[in-house]
Amino acid sequence: MENETYLTIKSSGSYKQTIKKSDFICSLARTETEAEAKAFIAQIQAQNKKANHNCFAYTLGLNDEIQRESDNGEPSGTAGVPILEVLKNLSLHNVTAVVTRYFGGIKLGASGLIRAYSSTTSQAINEIGIVKRVMQRELALQIAYNQQGRLENYLKQNNYHILNTDYGVDVTIKIAVDLENVNPTEANLIDLLNGQIQITPGPNFYNEIPYQPHH
């Protein structure tokens, strides 16, 4: 799991739309465990006690190891599955979606419900945004002052993300590198500076990059 890249929602949030007098509210959260997913669902249900339905779906794990959905009283297959399908079609992971419905008196029929639940979910995700979580490693590059210009030019040209620069006896520039690029990056830098560089690997961490789904 450590070095996986995956898509998820940018943050928690909600979106509301009214269809034929019924209010549909999709609430989304990032959840890493089933306990977190259930706690979020319970929280939304508690906030919407008067709602007719709080339907939900969640997908957990980077290979969707856990997928659950519930129609919560709506006709079978008209709510939970459409919500889950939206999450799966966008390849989102570790996300829980709850769609709350306040019934407005006009029945939508099965196909209308499926459309309502899936469109409310996809609109909510659109509003909040998607991020790509990429596992990266911090590398500390220690060089002599006279090499700084050359190294910084190279990093800029190759779009490396500089975390910070420290000036001591030498210059230490810390960069973030995608995990699979660590070895080639080290080789290229040693080559570039004829070995006159000391590279110290730091911790791995997830970096979040805004992501646009391809329609």
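## Exercises on cores, helices and cysteines

Leaving aside neighbours within four places in sequence, Tyr-117 is in contact (heavy atoms within 4.5 Å) with Phe-24, His-53, Cys-55, Glu-74, Thr-78, Ala-79, Ile-83, Val-99 and Arg-101. The model is predicted, so local features need pLDDT of at least 70 and side-chain atom pairs count only at pLDDT 80 or more, while totals for chains, interfaces and linings use all residues. Residues are numbered from 1 along each chain as its sequence is written, and side-chain values use heavy atoms, leaving out hydrogens and water.

**Exercise 1.** Find which residues have the most contacts inside the largest nonpolar core, and which elements supply it.

*Solution.* Begin with the term: a nonpolar core is a set of buried Ala, Val, Leu, Ile, Met, Phe, Trp, Tyr and Cys residues joined through side-chain atoms within 4.5 Å, where buried means under 20% relative accessible area with a 1.4 Å probe, protein chains only. The largest such core has 25 residues, and those with the most contacts inside it are Leu-28, Ile-83, Leu-92, Tyr-117 and Ile-125. Next, turn to the helices (DSSP runs of H or I, at least four residues) and strands (runs of E, at least two), numbered from the N terminus: β1 (6-9), β3 (22-30), β4 (53-60), α2 (80-89), β6 (95-102) and α3 (109-128) each supply at least two residues of this core. Finally, α3 gives the most, with six residues.

**Exercise 2.** Describe how α4 and α5 cross, and which residues meet there.

*Solution.* Two packed helices are described by the angle between their axes and the distance between the axes. Axes are lines fitted to C-alpha atoms, for helices over the stretch in contact, and angles run from 0 to 180 degrees between N-to-C directions. For α4 (residues 148-157) and α5 (residues 182-192), the axes come within 11 Å and cross at roughly 145°. As the last step, list the residues: Arg-150, Leu-151, Tyr-154 and Leu-155 in α4 meet Asn-188, Leu-189 and Leu-192 in α5.

**Exercise 3.** Explain why Cys-26 and Cys-55 form no bond with each other.

*Solution.* A disulfide is a pair of cysteine sulfur atoms within 2.5 Å, and the structure holds zero disulfides. The sulfur of Cys-26 has its closest cysteine sulfur in Cys-55, 11 Å away, which is too far for a bond. Starting from Cys-55 instead, the closest cysteine sulfur is that of Cys-26, again at 11 Å and too far. As for their surroundings, Cys-26 is buried, with a relative accessible area of 0%, and Cys-55 is buried with a value of 0%.

Definitions and conventions: Buried < 20%, exposed > 50% of the residue type's maximum accessible area, 1.4 Å probe, protein only.
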